[in-house]
Number of protein chains: 2
Amino acid sequence: MKHYKIEKEKGRLWLIEDAYSPLFEEKTEAIFAQCNGYMGVRAAHPFLSIEEKRGMFLRGAFDKAYDDEATELVNCPDVTWFGLEINEEKLHTDSTKMLSCERRLDVLSGELQIRYVFELALGRKAEVECRRFASADDRHLFLQSYRVRLNGGEPGDIRISTGINGQITNSGVSHFHSVSERVYDREIMESIGKLKKNAVVVLTQCTSGDSKPSKTDFVLKRRSIYGTYCFDGVIEVEICKVSVVFQTGEMDGDKACGHVRRASEKGYDRLFHEHVSAMRKFWEQAGIRIRGMSVEQEAAVCFSQYHIFGMTPYDTEEFSIAAKGLTGEGYKGHVFWDTEIFLFPFWLHVCPEQAKRLLGFRYIGLDGARKKAKDYGYKGAMFPWEAAGTGEEETPLYAALNIHTGKANKVWSGIKEYHVTADIVYAVERYYEVTGNWKFMEKRGYEIIFEAARFWVSCAEKDEKTGMYVIRDVIGPDEYTEHVDNNAYTNYMAAFCVKIARKYAVLLKKEKPVLFEALDKKTGVSGELDTWERFLKGIYLPQPDRNGIIPQDDTFLSKPMLKNIEKYRSARMKQAILLDYSREEIVNMQVLKQADVVMLMNLFPWLFMEETVRKNVLFYEKRTVHDSSLSYCAYAQASAHIGDREAAEKFFENALFVDLNDNPLVSGDGIHAASMGGVWNCLIYGFAGVWYEKGKLSVRPHLPDTWQEMEFKLIVRGIRIRFCISHQGIIMESEAKLESSIHVEAEGKEYEFQGYLNISRKREGREEWNKRQREPSLTWMG
Amino acid sequence: MKHYKIEKEKGRLWLIEDAYSPLFEEKTEAIFAQCNGYMGVRAAHPFLSIEEKRGMFLRGAFDKAYDDEATELVNCPDVTWFGLEINEEKLHTDSTKMLSCERRLDVLSGELQIRYVFELALGRKAEVECRRFASADDRHLFLQSYRVRLNGGEPGDIRISTGINGQITNSGVSHFHSVSERVYDREIMESIGKLKKNAVVVLTQCTSGDSKPSKTDFVLKRRSIYGTYCFDGVIEVEICKVSVVFQTGEMDGDKACGHVRRASEKGYDRLFHEHVSAMRKFWEQAGIRIRGMSVEQEAAVCFSQYHIFGMTPYDTEEFSIAAKGLTGEGYKGHVFWDTEIFLFPFWLHVCPEQAKRLLGFRYIGLDGARKKAKDYGYKGAMFPWEAAGTGEEETPLYAALNIHTGKANKVWSGIKEYHVTADIVYAVERYYEVTGNWKFMEKRGYEIIFEAARFWVSCAEKDEKTGMYVIRDVIGPDEYTEHVDNNAYTNYMAAFCVKIARKYAVLLKKEKPVLFEALDKKTGVSGELDTWERFLKGIYLPQPDRNGIIPQDDTFLSKPMLKNIEKYRSARMKQAILLDYSREEIVNMQVLKQADVVMLMNLFPWLFMEETVRKNVLFYEKRTVHDSSLSYCAYAQASAHIGDREAAEKFFENALFVDLNDNPLVSGDGIHAASMGGVWNCLIYGFAGVWYEKGKLSVRPHLPDTWQEMEFKLIVRGIRIRFCISHQGIIMESEAKLESSIHVEAEGKEYEFQGYLNISRKREGREEWNKRQREPSLTWMG
């Protein structure tokens with residue numbers, strides 16, 4: 001975290017960029033973005049700056065500009081720009097002397113503060129301070145305070161210009177068919193940007209407390225509107241800018257002005273107070289307190305949770321989490337497996353209602369997934385590799401041209417990266433496990449599972465030699481190997497999917513015949529039962545070889561290793577390997593972009609022998625470039641799980657700083673959402689070793705030596721349980737009375753609770769614990 | 001010209017901006033633009049800068065992005081950006097210390113040179129020099145040289161990045177449906193941007209002479225491609241960047257790479273030499289040499305001619321001259337009356353072939369004009385107030401919303417500014433007068449005139465009281481008065497149009513019956529003759545009142561004067577009056593945006609008594625804000641014409657510096673094309689007093705006292721005549737033998753020439769001349 005400093009004060013935890021840093025501009029804009037689950041506003045300077053990539057993204061504001069372009073999250077009109085003129089001297093970052101610049105994000109409240117000192121003509125100085133937040137209390141509200149102070153005590157004329165700029169594009173692609181602006185009552189500016197399906201409306205009002213401007217001019221330019229507020233002979237002035245942002249259909253347009261006005265009357269500080277109260281509720285549920293962690297690590301953990309909060313559509317199941325959250329144009333705001341596998345667990349244990357909404361998004365998208373399956377000649381539902389606002393596949397068929405051959409590079413992940421269809425089922429099953437919400441299962445969950453199972457069985461083939469079911473020509477999570485047969489992750493996940501599908505189908509048929517019949521009508525499940533049974537008996541699940549290594553796919557182990565892997569692991573540029581090798585060459589080497597087999601082990605922590613996990617982590621990590629941000633957290637979790645603390649800490653450190661590192665080349669187009677979920681998974685599933693499955697809550701911690709205590713809360717079966725884990729002891733307390741009994745296993749010791757859960761036990765010595773060899777629990781495959 | 005310095009050296013005449021000036025950035029980009037009649041490239045810095053408005057415009061590259069947007073000249077992919085890294089230090093204008101910056105335009109060659117000195121780490125210095133030109137020899141060619149030199153003699157690693165950036169938009173509106181890029185042979189980058197009707201293709205190659213780069217990386221980003229050229233351990237490096245730019249259909253795409261390669265082989269200096277040779281031909285024909293003029297004035301005159309050259313579509317009649325040339329997004333690249341009234345005279349006398357092409361554009365657009373007339377319930381052809389690539393009206397029906405009422409402001413000029421239809425006829429008639437090209441008239445000219453006459457007669461009404469034909473509810477050239485009856489300019493021009501239409505019709509009917517019949521079929525002219533005669537007898541032409549003032553319209557003289565006009569005349573912001581008064585209030589005052597009645601007097605220099613001209617110039621100028629760039633040149637020409645040297649010089653100075661003034665708020669969206677033509681009109685028709693009409697070439701000079709001699713060439717009746725006018729004498733010589741005899745009147749003395757024209761006479765004393773009172777020659781109304 002060399003580029004960002006940390007500062008901790010009462011109730012605040014600051015990430016700080018303490019100098020004007022064009023090289024880091026795009027990165028810092030993304031990392032310091034204000035996000036509240038509805039909007040994400042990049043932390044651009046209030047002034048125009050050379051390397052800026054200003055942006056505001058709204059959950060659900062998708063548009064497809066042209067046939068040749070993908071559907072993407074629209075970069076919406078900007079409200080963060082402020083022009084400043086002092087005594088007729090216009091401030092520009094490329095000509096005005098900037099004596100200091102500090103930009104800081106409070107990862108607890110999400111408030112951004114930026115401070116500058118400028119040198120004016122005759123050596124006079126001016127301080128400028130900006131503050132911003134996207135309200136967690138009123139999600140359509142974006143607040144800014146802009147304060148200018150002339151140093152030296154001599155008053156001057158200050159002119160501040162600000163408004164709404166609809167000239168913003170997605171890297172040159174404009175989505176707005178038209179942008180129209182007006183001013184209400186010489187107070188409130190409005191901009192309406194029309195998209196194909198709806199419109200983005202921004203209203204904004206500037207107030208300046210008692211120091212009223214001597215004059216206010218409103219200027220309309222093409223696609224932009226701004227007001228210039230003139231203050232004559234003043235030493236200090238502060239403007240509070242309230243912006244209300246919504247899409248047509250979300251808010252009553254006629255009432256929006258009143259909304260702005262009421263907010264303006266409250267002012268920045270009171271609205272910030274309301275916002276902080278809302279954020280506090282989040283932290284009360286989600287916060288993880290770790291004594292002994294460095295302040296950098298603490299900030300990084302909070303940073304990831306702040307962004308998980310900010311990236312998750314807060315009130316709807318119409319949309320899900322984008323791979324870059326709401327912080328940039330990267331991946332076009334699309335939803336990947338990242339949501340279900342990396343981010344879902346957090347919400348599952350912190351706010352199951354939100355977790356349900358994420359699954360709801362997939363349920364709504366079932367028709368799109370059915371269509372995709374049909375298009376590719378399969379049955380059931382084949383979920384999109386990339387989704388936007390619907391269930392339809394949004395992965396472009398072709399990426400940019402190969403610049404040298406002029407031929408289009410086909411994008412195979414939309415066609416061949418099947419595993420997402422099992423990943424979603426995995427999340428559904430985890431949801432059912434942890435919440436026991438059978439209503440959800442009956443309304444939606446079973447249907448997803450059955451349709452996914454139908455897909456998997458339809459895409460498996462019977463191998464003529466072995467007579468086993470194989471899944472050919474796929475891409476696993478590791479995208480550096482394409483068109484492989486029997487990717488271990490994919491086959492195991494497919495088997496898991498079909499297995500639970502069959503289990504539920506048999507159960508429902510017997511115990512809920514009416515429901516079963518209804519589901520049968522939708523999915524034809526009754527005709528599948530025998531096929532599924534045959535599939536489960538015959539599916540090929542790669543087993544550890546004589547060295548204990550589970551082959552990533554049929555050919556992986558026979559390929560030569562990449563010799564100079566260190567070069568690419570240490571390269572500042574991601575995927576630098578593509579500069580030296582063609583994609584085809586990479587596919588034909590033992591080189592991984594990210595964890596693949598290891599991911600599987602994380603998802604089923606008790607499926608493989610500990611020794612197998614250890615060997616595979618070691619084996620595959622040596623071959624992994626970590627070019628995916630999903631990689632470090634996965635290795636960290638696996639290493640923590642098997643008690644390899646040294647490796648776990650190393651990988652965890654890398655995962656924590658996937659965004660916060662000092663490499664200016666990463667995160668510019670948005671933060672790495674999945675990695676933030678991965679950090680949580682590593683903390684809770686890895687270091688704290690908490691896992692709930694089959695009615696049993698087990699706790700097998702492997703805290704790093706330097707950590708004295710971990711304290712956090714998880715919701716299991718509707719009850720929030722407080723965990724306090726140290727090297728000395730484990731405390732677990734439920735906040736409320738359990739509805740049914742719960743089985744707890746803490747470091748091998750078993751408990752059964754009814755009513756309140758309450759454990760407080762001393763831990764046995766670590767060495768002793770480590771000596772114990774775990775038995776694999778292959779129960780679900782039994 | 002406080003902002004721009006002047007420097008004159010052998011064969012060069014430089015406009016210089018000698019400091020980095022963000023405030024003037026947009027203005028200087030437009031003024032210093034490289035234009036060659038095919039392309040116009042704004043003179044943005046090679047680095048990104050805060051206030052930049054980078055742009056390249058191609059004649060004919062029009063597109064309409066959305067229904068709500070107007071058809072406009074597309075801002076095309078940029079080739080002028082260069083990234084620079086020296087010893088891993090990346091240069092940014094907002095963080096790297098710039099010790100000096102100088103940007104200069106040679107108005108003779110159009111070459112741009114930009115020089116910087118930067119301070120690097122450890123106090124080392126680097127010089128950067130850019131040169132650019134748009135070739136006049138090969139109009140699809142844009143050349144750049146980019147040279148970096150490390151001062152101090154210590155070699156370093158220099159990385160230069162440059163390519164083609166298709167992310168450029170028209171102020172946030174993207175026109176390209178897709179932009180695709182590739183690289184040929186690791187040498188030539190290509191970008192193809194698809195518009196609705198065609199595509200813009202840019203190819204670019206960088207070569208570096210003997211100092212080959214150690215490595216070249218090509219990077220593809222969304223809608224942009226660039227190469228990074230790495231030079232290790234060097235002190236100096238120079239890159240020559242050749243760009244070939246065309247629209248599909250203009251060049252064989254397959255051969256374009258060869259085109260680039262051949263140009264690269266020639267290199268910057270040789271191509272520049274070829275370009276200068278082509279420019280020299282232009283100057284030989286168009287140059288005006290004035291002894292005694294200040295170097296500032298000389299530069300400004302050459303500046304205006306350079307841009308007239310650069311703004312005029314060079315090889316086609318498919319397109320005409322845009323109001324801002326090819327230098328900015330202003331007026332969306334649309335064609336106004338500016339072309340025929342202000343710019344046409346230059347080409348008429350410098351290159352009649354080009355003048356004919358400009359009229360050809362209107363002829364091609366006749367169908368559009370017929371449609372417009374029909375749509376508005378008139379006959380004949382009603383030419384568009386704003387045209388783009390066709391004859392159809394492109395003036396938006398509504399301008400931006402009134403920001404305070406939220407209601408759309410109707411744009412009346414497209415509906416009510418009729419006079420353009422007479423202005424075009426005026427240019428046709430002038431063309432015929434000066435060239436005698438009867439073939440053009442038979443093929444196209446008469447048809448334009450007849451259709452225009454039909455329009456005029458159909459839109460005139462018979463006044464019930466007076467029984468005269470009146471033209472009601474129009475806008476004259478002065479757009480600060482709308483919806484007026486009997487605008488003097490409009491009525492006179494309409495009468496002129498119908499008068500010559502009837503003259504030609506009668507003549508053709510008698511002498512060329514076959515042609516007349518053909519034209520009759522197209523225009524129904526035979527049925528119009530009586531109507532036209534009635535119209536000409538009855539048309540109301542406002543006459544001077546008892547004060548000698550020709551009323552601008554029926555109500556103008558009865559309105560109150562604007563009291564504080566000086567406030568708006570001296571305001572830096574154009575149309576500042578609109579901040580204080582509503583459009584309706586302005587319409588109801590005696591206040592003009594620009595010359596109106598005075599324009600009429602310029603077009604018919606012998607129509608009114610000199611005294612009448614004098615009175616009207618004085619009267620209306622007092623009421624003129626000069627908020628239109630067409631104003632000063634018109635007043636200058638009129639004042640020169642009547643020998644009011646003092647006023648003429650004052651207005652001429654203002655006209656000369658319409659773009660080159662030190663007001664950063666003007667010209668940012670493009671130079672003022674019409675004013676540049678107006679400067680020429682003022683010089684030739686005003687100061688030199690040259691006029692050719694009805695077979696008579698008259699010369700009645702009014703040189704400013706400080707000018708010793710004016711020397712220039714004009715083409716009249718196909719023969720180039722050299723003029724040399726001083727206070728002492730007048731010399732006129734034809735370059736070739738006259739085809740027919742010519743009548744010359746030089747300061748009242750009459751000559752008749754056959755064969756070679758040759759006059760060399762001493763001028764009579766000025767006082768004597770001034771005493772002579774001219775008789776008005778109302779011949780054409782006789």
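Cys682(B) has no bonding partner, because its sulfur is 7.9 Å from the closest cysteine sulfur, in Cys633(B), too far for a bond. A disulfide here is a pair of cysteine sulfur atoms within 2.5 Å, and by this rule the count over all chains comes to zero. This is a predicted model, where local features need pLDDT of at least 70, side-chain atom pairs count only at pLDDT 80 or more, and totals for chains, interfaces and linings use all residues. Residues are numbered from 1 along each chain as its sequence is written, chains are lettered from A and ligands numbered from 1 in the order in which they are written, and side-chain values use heavy atoms, with hydrogens and water left out.

**Cysteines**

- Cys682(B) is at 0% relative accessibility, so it counts as buried (buried means under 20% relative accessible area, exposed over 50%, and partly exposed in between, with a 1.4 Å probe and protein chains only).
- With zero disulfides over all chains, Cys76(B) is unpaired too: the nearest cysteine sulfur, that of Cys35(B), is 13 Å away.
- Cys76(B) is also buried, with a relative accessible area of 1%.

**The second largest pocket**

- The second largest pocket has a volume of about 670 Å³.
- On a 1 Å grid over the protein atoms alone, a pocket is an open set of points with protein on both sides within 12 Å along at least five of seven lines, while a cavity is a set of points where a 1.4 Å probe fits but cannot get out; lining residues have an atom within 4 Å of a point.
- Grid points are joined across faces, edges and corners, and a volume is the space filled by probe spheres set on the points.
- Its lining runs to 28 residues, and Leu108(B), Trp283(B), Glu284(B), Gly287(B) and Cys302(B) lie nearest the centre.
- Helix 2 of chain B is the top contributor to this lining, giving the most with seven residues (helices are DSSP runs of H or I with at least four residues, strands are runs of E with at least two, and both are numbered from the N terminus).
- At least two lining residues come from each of these chain B elements: strand 1 (5–9), strand 2 (12–17), helix 2 (253–286), strand 21 (289–291), helix 3 (295–311) and strand 28 (709–716).
- By type, the lining splits into twelve nonpolar, four polar and twelve charged residues (Ala, Val, Leu, Ile, Met, Phe, Trp, Tyr, Cys and Pro count as nonpolar, Asp, Glu, Lys and Arg as charged, and the others, Gly among them, as polar).

**Aromatic rings and charges**

- There are 96 aromatic pairs over all chains (rings of Phe, Tyr and Trp, the last by its six-membered ring, pair if their centres lie within 6.5 Å; planes under 30 degrees apart count as stacked, over 60 as edge-to-face and the rest as tilted).
- One of these is Tyr568(A) with Tyr581(A), an edge-to-face pair at 6.2 Å centre to centre and 70 degrees between the planes.
- That pair links distant parts of the chain, 13 residues apart: Tyr568(A) is in helix 13 (residues 565–569) of chain A, and Tyr581(A) is in the loop between helix 14 (577–580) and helix 15 (583–587).
- Tyr568(A) is buried at 3% relative accessibility, whereas Tyr581(A) is partly exposed at 21%.
- Phe652(A) and Trp707(A) make another edge-to-face pair, 5.9 Å centre to centre with 70 degrees between the planes.
- Phe652(A) sits in helix 19 (residues 645–656) of chain A and Trp707(A) in the loop between strand 27 (696–699) and strand 28 (709–716), so this pair ties together parts 55 residues apart in sequence.
- Both Phe652(A) and Trp707(A) are buried.
- Arg104(B) has its charged end over the ring of Trp14(B), 4.9 Å from the centre (the rule wants NZ of Lys or CZ of Arg within 6 Å of the ring centre and within 35 degrees of the ring normal).
- Lys241(A) lies over the face of Phe82(A), 5.2 Å from the ring centre.

**Backbone and contacts**

- Lys332(A) has a positive phi near 55 degrees despite not being a glycine, and it is in the loop between helix 3 (295–311) and helix 4 (338–350) of chain A.
- Ile239(B) belongs to strand 20 (residues 236–247) of chain B, and its C-alpha is 5.1 Å from that of Tyr146(B), 93 residues apart along the chain.
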